[in-house]
Amino acid sequence: MITKPKGTYDVLPEEVKSWTKLESTIRKICQIFNYKEIRTPIFESGQTFHRDVNDTSDMVTKETYDFKDRADRMMTLRPEGTAGTVRAFIENKMYVSALVNKLFYLGPMFRYERPQKGRNRQFSQFGIEALGSDSPYMDAEVIALGATLIKALGLKDVKVKLNTLGDKLSREAYRAVLIKYFEKYKDELCEDCLNRLEKNPLRILDCKVDRHKDFFKNAPKITEYLTDASKEHFDKVLAVLRQMNIDYEVDESLVRGLDYYSHTVFELEVNIPEFGAQNVIGAGGRYDSLVKDLDGPDTPGVGMAFGMERLLLACEMAGKKLGTPDFVHIYFIALGEEAQQVALREMQVCRIGGLYCDMDYLGRSIKAQFKSADQNRAMFTCILGDNEIKNNVINIKNNTTEEQETISLYEIYPYVLNKINSKSACASCKEKEVTE
Ligand code: HAM
């Protein structure tokens, strides 16, 4: 039997509903915050991600799926959405038509990681990127969008942890002090950290292997080396988060796993024991030199991305059911061939009007068709036989109230629409609202 590749998964029909519900919630929130969707290729030329030989992030150095295409060009399956979005921003000169571009994306990403619960080799991200403003209020907006999504999904116990990496000057000053500090512990650093010591000592603070060692706790903190401008930027982010009533915790050891960040960095952590080490459901930060590094005009940026599997897992663990159970507005019970044809005709009218309809295509007994209406959780059942056709009428049953009426065959659509719009008429109408 051929099986799926390690670290991938199938989304079966019964699980698709939670995905589409999550996607529609995300789209709605992006609309509320005025972020526009962008769709970029799933593979990009290798240099989109492998542009800096000094990059020390695991994602870029160890986890990308790289391959040569048939014309011997190096390609990379995107491990994240930021670099591709920035590449598209530059290539399409999006900076010409708008001073600030607020973008979002949804889609699969690929990282060659050790798979475990909440960590896959193919996973999906929802990400946002705001390009063109260096305002701390933009950092706050990005975090606020994340917090709003968490709220909309009904998740509690999500902690926003944030820190600042300051501007270039702050990082240079901090870098020098950090190198001096960690050199004293060279013998105790893992191989990766020894490499980071030369290239990007800040990333040592993020090391999964070394971070619990004692000498880490006493490592110098970036806050002591921030320039006034960097400090002011971060203070404004925090102040406005407080004004927006978004709880946060400043974590001075937070540096994030990617090399492109400057100023604000943050992570959203869920407090669910089953999550273990994969409790970061979303993360991001400011990246003021990435656009320039990718040969674009000097443009500041800030963004974040959520792991969609982790969001769904968090909802599941918290007992939040995303998506609504299946139902149809009308199930047509047609007795005889002519009735089937008429039912199809009337069903088409209702479907064009946006009502969910179905009927039995097996020509079964009335009892079997009623059972089928139940299984499809029909709000209304329309019963059509020879007599009804002769008189151009139909029997319609409201399955919530058990009321039954005979109405004109041509009135089915307005009748049902009217009922589901007058909310009290039908309890299941709530479901219609949720799916919209
Ligand atoms: P990241 O922290 O690498 O940041 O990933 C963001 C989120 O994607 C993580 O918090 C996690 O929820 C999810 N994630 C990452 N790797 C996996 C995996 N192997 N399996 C399942 N979920 C995963 C970025 O990707 C940045 N591009 C975020 C950003 C946008 N920064 C600025 N703009």
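## A tour from salt bridges to the ligand

Start by selecting Asp72: with 54% relative accessibility it counts as exposed, because the cut-off for that label is over 50%. Keep in mind that this is a predicted model. Now add Lys68, whose side chain meets that of Asp72 in a salt bridge at 3.9 Å, N to O.

Next, go to helix α3 (residues 82-91) and pick Arg87 and Glu91, which sit 4 residues apart there, about one turn of the helix. Their side chains form a salt bridge too, 3.0 Å from N to O. Glu91 is exposed, at 56% relative accessible area.

For a longer-range link, select Lys62 and Asp192: this salt bridge has its closest N and O atoms 2.6 Å apart. Lys62 belongs to helix α2 (residues 58-62) and Asp192 to helix α7 (residues 191-199), so the pair ties together parts 130 residues apart in sequence. Lys62 is partly exposed at 45%, and Asp192 is partly exposed at 29%. Add Asp58 and Arg196 to see a salt-bridge network linking them with Lys62 and Asp192. Show every salt bridge in the structure and you should get 25.

Now for the ligand. Put up the 26 residues that surround it; Glu80, Thr82, Glu113, Glu129 and Tyr261 are the closest. Color them by type and you'll get 10 nonpolar, 9 polar and 7 charged. β10 gives the largest share of this shell, 6 residues.

Zoom in on Glu80, where a polar side-chain atom lies 2.5 Å from a ligand nitrogen. On Tyr261, a side-chain N or O atom is 2.7 Å from a nitrogen of the ligand. Finish with the ligand's surface: alone it exposes 660 Å², and the protein buries 95% of that.

Conventions:
Residues are numbered from 1 along each chain as its sequence is written. This is a predicted model: local features need pLDDT of at least 70, side-chain atom pairs count only at pLDDT 80 or more; totals for chains, interfaces and linings use all residues. Side-chain values use heavy atoms; hydrogens and water are left out. A residue is near a molecule or strand if one of its heavy atoms lies within 4 Å of it. A polar contact is a pair of N or O atoms within 3.5 Å; within protein, one must be able to donate a hydrogen and the other to accept it, and residues adjacent in sequence count only if both atoms are side-chain atoms. Accessible areas come from the Shrake-Rupley method with a 1.4 Å probe; for residues, only the protein chains shown count as cover. Helices (H or I, at least four residues) and strands (E, at least two) are DSSP runs, numbered from the N terminus. Ala, Val, Leu, Ile, Met, Phe, Trp, Tyr, Cys and Pro count as nonpolar, Asp, Glu, Lys and Arg as charged, and the others, Gly among them, as polar. A salt bridge is a side-chain nitrogen of Lys or Arg within 4 Å of a carboxyl oxygen of Asp or Glu. Buried means under 20% relative accessible area, exposed over 50%, partly exposed in between (1.4 Å probe, protein chains only).
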